[in-house]
Amino acid sequence: MYLAMRVLVLALNDVLDTGLAAILDTLGAANKLAENSFSITIGSLTEQVVTANGLIVPASPILKAPRPDIVVVPAINAPDRWPAALDRPEVADAGTLLRELRAGGSTIASACTGTFVLAEAGLLDGLSATTSWWLGPLFRSRYPTVNLHDDRMLVSSSGITTAGAVLAHFDLALWIVRQVGTDLAAMTARYLLIDARSSQTEYVIPDHLVHSDGVVAAFERWTKDTLAEGFSLAAAAAAAGVSPRTLARRTRAILGKTPLECFQDARIRHAVHLLQTTGESVDRIAEMVGYVDAQPLRLLLRKRLGRSALQIRRLA
């Protein structure tokens, strides 16, 4: 028997259909598995809520009472108007409501672009958060006081939990279920075939990020050409045509990491690619990506790939 938790799903106009459905379906599945674990309300700030795909959401006007235990803000999807969509009065009103609910003790949660709504409200200032990996550069430039970890799937900080890209809504929903019971969350995950994922790193498309900045793109080209030779900040900066300090500032702004961290990530990505597409041994792959000792690479690959029997045999 679980203690029922009151969940308010705050649906804004242009709410992402997948995000909203992921939250509702996961909590609904948990309710089927353990009756009445969640009392779910879809709340709105306007008379009518229309999803990104034009569907009408049967939402209810926000009520003052009872106070929800958790408020969830699914992603909004307005790519043709992003980030101007954040300047809508509805987003400002949502910020006011979220601040009031947080002050009253409600836990706040969001995923994907929903994290931007929280940041607009000032709720994330000085805290850690995550969002869609491909929105990291925009988020950092718009909210410099937020400690962004866009490589992580879930980040909890001072009563606020944020999740990564679109399908991370499932991870966020399971986190909510976990607040009721870890066994219920595990059973719900099995019921819906949701795999455990702690990182967005393996889903990142680096070229999508680096092409937004010429300096970082030049650095990325240099990195690909010198993986086996080792890292030199001076050489990397020279190849990008900037000072080491400027290169570090640009990689931090675009990728959220130092040049050395970016270089190390590129090594691992290439090693994973070689492991999956060639018959080379891990020792040989380690040489090809610049590792003197293959053991550190084995440990990193196990962490990245998991521990299936086939992978363990390749990494032995």
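**Exercise 1. A helix on the sheet**

Which strands does helix H1 (residues 17-33) lie across, and at what angle does helix H1 run to E2?

Solution. The model is a predicted one. In it, H1 lies across strand E1 (5-10), strand E2 (38-44) and strand E6 (70-73). The angle between H1 and E2 is about 160°.

**Exercise 2. Order and edges of the sheet**

Give the strand order of the open sheet and find the strands at its edges.

Solution. Step 1: the sheet has seven strands, in the order E5-E2-E1-E6-E7-E11-E10, with mixed pairing. Step 2: the edges are strand E5 (60-61) and strand E10 (154-157). Each has a single partner strand, so one side of each lacks a neighbour in the sheet. Step 3: E10 is joined to strand E11 (residues 160-163) by four bridges, and these two strands run antiparallel. Within this pairing, Ser156 has Thr161 of E11 as its bridge partner.

**Exercise 3. Helix H8 against helix H9**

Classify the packing of H8 on H9 and describe the contact by residue class.

Solution. Step 1: helix H8 (residues 214-225) and helix H9 (residues 233-240) pack with their axes 8 Å apart, at an angle of about 125°. Step 2: because of this angle, H8 is oblique to H9. Step 3: the crossing of the two helices is right-handed. Step 4: H8 contributes Val215, Ala218, Phe219 and Trp222 to the contact, while H9 contributes Ala235, Ala236, Ala239 and Ala240. Step 5: the contact of H8 with H9 has eight nonpolar residues, no polar and no charged ones.

**Exercise 4. Helix H8 against helix H10**

Do the same for H8 and helix H10 (residues 244-255).

Solution. Step 1: the axes of H8 and H10 come within 9 Å and cross at roughly 100°. Step 2: angles of 65 to 115 degrees count as roughly perpendicular, and H8 and H10 are therefore roughly perpendicular to each other. Step 3: the contact is made by Val215, Val216 and Phe219 of H8 with Leu247, Arg250, Thr251, Ile254 and Leu255 of H10. Step 4: by class, the contact of H8 with H10 holds six nonpolar residues, one polar and one charged.

**Exercise 5. A salt bridge between helices**

How many salt bridges does the structure hold, and which parts does the pair of Glu120 and Arg142 tie together?

Solution. Step 1: there are nine salt bridges in the structure. Step 2: one is formed by Glu120 with Arg142, whose closest N and O atoms are 2.6 Å apart. Step 3: Glu120 lies in helix H3 (residues 114-120) and Arg142 in helix H4 (residues 136-142), so the pair ties together parts 22 residues apart in sequence.

Methods:
Residues are numbered from 1 along each chain as its sequence is written. This is a predicted model: local features need pLDDT of at least 70, side-chain atom pairs count only at pLDDT 80 or more; totals for chains, interfaces and linings use all residues. Side-chain values use heavy atoms; hydrogens and water are left out. Axes are lines fitted to C-alpha atoms, for helices over the stretch in contact, and angles run from 0 to 180 degrees between N-to-C directions. Angles under 35 degrees count as roughly parallel, over 145 as roughly antiparallel, 65 to 115 as roughly perpendicular and the rest as oblique. A crossing is left-handed if the near helix is turned anticlockwise from the far one by less than a right angle, and right-handed if clockwise. Contact means heavy atoms within 4.5 Å. Ala, Val, Leu, Ile, Met, Phe, Trp, Tyr, Cys and Pro count as nonpolar, Asp, Glu, Lys and Arg as charged, and the others, Gly among them, as polar. Two strands pair if DSSP finds at least two bridges between them. A salt bridge is a side-chain nitrogen of Lys or Arg within 4 Å of a carboxyl oxygen of Asp or Glu.
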